[in-house]
Amino acid sequence: MRVTVIQPPYFMGKNPDKKIADFLLDELNTAESDLIVLPEYSNAGGLSDKESELKAMPRAKEMLEKASSVAKKNGCFVAINVLEKREEKIKNSTYLFGRDGEVKFIYDKIHLPPSEIDLGVEYGDGACVCEVDGIRFGFLTCYDVYFNEQIEFLAKHKPTIILLPGYQRGESTDIIRAQTKLVAFRCNSYVLKSSYSMNDNARGGCSMIVAPNGKILKDMGSEIGSVTEEIDLEYKHVRTAGFGKGLIKNDEFINIGLRPEVFNK
């Protein structure tokens, strides 16, 4: 499967949200892949105040319509995150469009930072796994990646690919890379992370494609544009079950040792 992650520049100044949205639409329109992943807040990127973010929400409709159109035209999957009003509630939503251009799943972000709580974003209900065309997709959005409870839930459901739209403007690149590698390794899954270039090698950026063994296949660092990789959906990381023992899938080796009851007292 040919997969692509897009990394826009973090525009500042006047109308950064429109500049970012236009950049993403251009990249989306020219991408040739089986699966394309866009970053968090594709319709409202670059904004930091509540009033501006609320004003940018209507652009979600344009972004979603374009994602659907590209998915149908190219016969590919498109994952796109938007800040939107849906069912009269503000949502941080990741849409997965199928090869026919139809919505296959909507993931509502489960863990919300203070800025989103202040904005009035509604918490997701916990649904973060779906299966389409025999591919099991898991979902994390930005802040979610800090919470092992969700990572453990995903590991339990054995995803093929985890989609990770991100922002993380102030996080160090060392931490971003470590987090993404750990998710892939624990869940024995590919992770496709799409974020924003901060034009800084020390923070932000690092849109990447990571294999189930935790190996980073592609890492954009602070570069702008997109990267593509061919991945084998059947591949799972296998290791020894202990010195001199037979082979076992990595996630199952970890599962054998779990003792949640000890920590739930």
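Which backbone oxygen does the side chain of threonine 173 reach at 3.1 Å? The one belonging to asparagine 201. Before going further, keep in mind that this is a predicted model. Here's a quick tour, taking in two open sheets, each made of six strands, then some helices and cores.

**Threonine 173**

- You'll find threonine 173 in helix 6, which covers residues 173–187.
- Threonine 173 counts as buried because its relative accessible area is 6%, and the cut-off for buried is under 20%.
- Further along the chain, threonine 173 touches Asn201, Ala202, Arg203, Gly204 and Cys206, leaving out residues up to four places away in sequence. Asn201 in that list is also the residue whose backbone oxygen the threonine 173 side chain reaches.

**The sheet with strands 5-4-3-2-1-12**

- This one is an open sheet of six strands, lined up as 5-4-3-2-1-12, and its pairing is mixed.
- Strand 5 (103–108) and strand 12 (225–230) sit at the edges, so to speak, each pairing on one side only.
- On average, neighbouring strands here are turned by 25° against each other, if you ignore direction.
- Strand 1 (residues 2–7) and strand 12 run antiparallel and are joined by six bridges. One detail to look for is glutamine 7, whose bridge partner in strand 12 is glycine 225.
- Helix 3 (residues 59–74) packs on this sheet, where it touches strand 2 (35–37), strand 3 (77–86) and strand 4 (89–97). The direction of helix 3 makes about 160° with that of strand 3.

**The sheet with strands 6-7-8-9-10-11**

- Here the order is 6-7-8-9-10-11, again an open sheet of six strands with mixed pairing.
- Its edge strands are strand 6 (129–132) and strand 11 (216–219), and each of them pairs on one side only.
- From one strand to the next, the twist averages 15°.
- Strand 9 (residues 190–194) pairs with strand 10 (residues 208–210) in the antiparallel sense, over three bridges. Within that pairing, leucine 192 has isoleucine 209 as its bridge partner in strand 10.
- Strand 10 also runs antiparallel to strand 11, with three bridges joining them, and valine 210 stands opposite isoleucine 216 in strand 11.
- Strands 10 and 11 form a hairpin with five residues between them. Look in the turn for glycine 214, which has a positive phi of about 90°.

**Helices 5 and 6**

- Helix 5 (residues 148–156) lies across strand 6, strand 7 (135–139) and strand 8 (161–165), at about 175° to strand 7.
- Helix 6 lies across strands 8, 9, 10 and 11, running at about 30° to strand 10.
- The two helices also pack against each other, at an angle of about 35° and with their axes 9 Å apart. Their crossing is right-handed.
- Helix 5 brings Ile151, Glu152, Leu154 and Ala155 to this contact, while helix 6 brings Val183, Arg186 and Cys187.

**Nonpolar cores**

- The largest nonpolar core holds 41 residues. Those with the most contacts inside it are Leu35, Leu96, Phe137, Phe139, Ile161, Leu163 and Leu192.
- Setting aside neighbours within four places in sequence, leucine 96 has a list of contacts including Phe77, Val103, Phe105, Cys130, Phe137, Phe139 and Leu163.
- There's also a second, separate core of 37 residues, with Leu47, Ile80, Ile90 and Tyr95 among them.

Note on methods
Residues numbered from 1 in each chain as written. Predicted model: local features only at pLDDT ≥ 70, side-chain atom pairs only at ≥ 80, totals over all residues. Heavy atoms only, no water. Helix = DSSP H or I, 4+ residues; strand = E, 2+ residues; numbered from the N terminus. Buried < 20%, exposed > 50% of the residue type's maximum accessible area, 1.4 Å probe, protein only. Polar contact = N/O pair within 3.5 Å; in protein donor to acceptor, adjacent residues only side chain to side chain. Contact = heavy atoms within 4.5 Å. Pairing = 2+ DSSP bridges. Axes fitted to C-alpha atoms, helices over the stretch in contact; angles between N-to-C directions. Core = buried A, V, L, I, M, F, W, Y, C linked by side-chain atoms within 4.5 Å. Left-handed = near helix turned anticlockwise from the far one by under 90°.
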